[in-house]
Amino acid sequence: MKKIIIGSRGSDLALWQANFVKDELEKLGHAVEIKVISTQGDRIQHLSFDKMEGKGFFTKELESELLNKSIDLAVHSHKDLETTSPPGLTITAVSYREDPSELLLIRNDSVDNDEVFGIKKNPVIGTSSARRKSQLITFRDDFEIKDLRGNVPTRINKLREGQYDAIVLAMAGVKRLDLDLSDLTITTLDPKMFIPAPAQGVLGYQIREDDTVLAEILQALNDEVVQSRIEIERSVLRNLDGGCQLPLGVYCDEEETVHVAFAQEWEDGAEFSTFSAINNEGIVEEILNHIQSK
């Protein structure tokens, strides 16, 4: 097997992810190189996601490089991926699942433990995610939501500078970067209560469909249990024709219970529901029927 070239965005988290896969492949005896590629989502920092055209702001350039064969493997945060790969490409394997919980990082002078989530009244909360916005305002109607862009360290620095009272981040990114947050107050939001994005905490390994040799190699890294659970989550998203800006949270937990939060528009607030996936081949259809009935 020739050297495997992994394409990655240049952020600290994307490079952590690429290096994680590089290390795993090297343990199997393969030579691996990482090639850094800039994406639209990295370059355009002044717009919130819902103002940017199309879907896949963090993936399209990587996919183009795969198709023109300048890289062999793209490592993505699975939740950033469109629900259908472009023609000629496939997600052939997925990683273990890091804790899918969301973290609420709060400035110490904005803490009030008598309030829901431990934040003072009328706070400014930073997030650009329609899913997070819809759920936040369901729990507290006094939140002022302000868009927040940038990589994980940049977002945290904006909080430290006082632009926000609190921000919401995926725990997976914070854990993987092993960041020092000792100067902030951290609230972990239970993923069964505050529902994460489909496939949150999971890496997707994307290759060319005709690259059967690499597909075989990557099967050694594939987590089949995680793959089956996130397929339920992603199928709901796919059937609603939603990108990562649909106000939809779906999480299949280790007991095979599927937790769903959905809103037509984030300003409406989210509706929460649960479903059992145990021996339930029609789980996706059941969830979709419930959402569409609302």
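**Two open sheets, a hairpin and a pocket**

Opposite L105 stands I167, a residue of β8. The strands concerned, β5 (residues 102-107) and β8 (residues 166-170), are paired antiparallel through five bridges. Strands here are DSSP runs of E with at least two residues, helices are runs of H or I with at least four, and both are numbered from the N terminus; two strands pair if DSSP finds at least two bridges between them.

The model is predicted: local features need pLDDT of at least 70 and side-chain atom pairs pLDDT 80 or more, while totals for chains, interfaces and linings use all residues. Residues are numbered from 1 along each chain as its sequence is written, and side-chain values use heavy atoms, with hydrogens and water left out.

The pair β5 and β8 belongs to an open sheet of five strands, ordered β7-β6-β8-β5-β9, in which the pairing is mixed. At its edges are β7 (144-146) and β9 (184-189), each of which pairs on one side only. From one strand to the next, the twist averages 25° (axes are lines fitted to C-alpha atoms, and angles run from 0 to 180 degrees between N-to-C directions).

Another open sheet of five strands follows the order β2-β1-β3-β10-β4, also with mixed pairing. Its edge strands are β2 and β4; each has a single partner strand, so one side of each has no neighbour in the sheet. The twist in this sheet averages 30° from one strand to the next.

Within this sheet, β1 (residues 4-8) is mostly covered, with four of its five residues buried (under 20% relative accessible area with a 1.4 Å probe, protein chains only). β1 pairs in parallel with β2 (residues 32-36) over five bridges, and G7 stands opposite K35 in β2. Between β1 and β2 the chain passes through helix α1 (residues 12-27), giving a right-handed β-α-β crossover (the path over the helix runs clockwise when the strands point away from the viewer). β1 also runs parallel to β3 (residues 73-77), to which two bridges join it. In β3, L73 stands opposite I6 and A74 stands opposite G7.

Further along the chain is β11 (residues 248-252). Five of its five residues are buried, so the rest of the structure largely encloses this strand. L248, V250 and C252 point one way from β11, whereas G249 and Y251 point the other way. Five bridges join β11 to β12 (residues 257-262), and the two run antiparallel. G249 has A261 of β12 opposite it. The two strands form a hairpin with four residues between them, and E256 in the turn has a positive phi of about 65°.

The last feature is the second largest pocket, which holds about 270 Å³ of space. A pocket is an open set of points on a 1 Å grid where a 1.4 Å probe fits, with protein on both sides within 12 Å along at least five of seven lines; lining residues have an atom within 4 Å of a point. The volume is the space filled by probe spheres set on the points. This pocket is lined by 14 residues, and H78, T83, I91, E231 and R238 are those nearest its centre. β4 (89-97) and α8 (224-239) each contribute at least two lining residues, and α8 gives the largest share, five residues. By type, the lining has four nonpolar, six polar and four charged residues, with Asp, Glu, Lys and Arg counted as charged and Gly among the polar ones.

Methods: Buried < 20%, exposed > 50% of the residue type's maximum accessible area, 1.4 Å probe, protein only.
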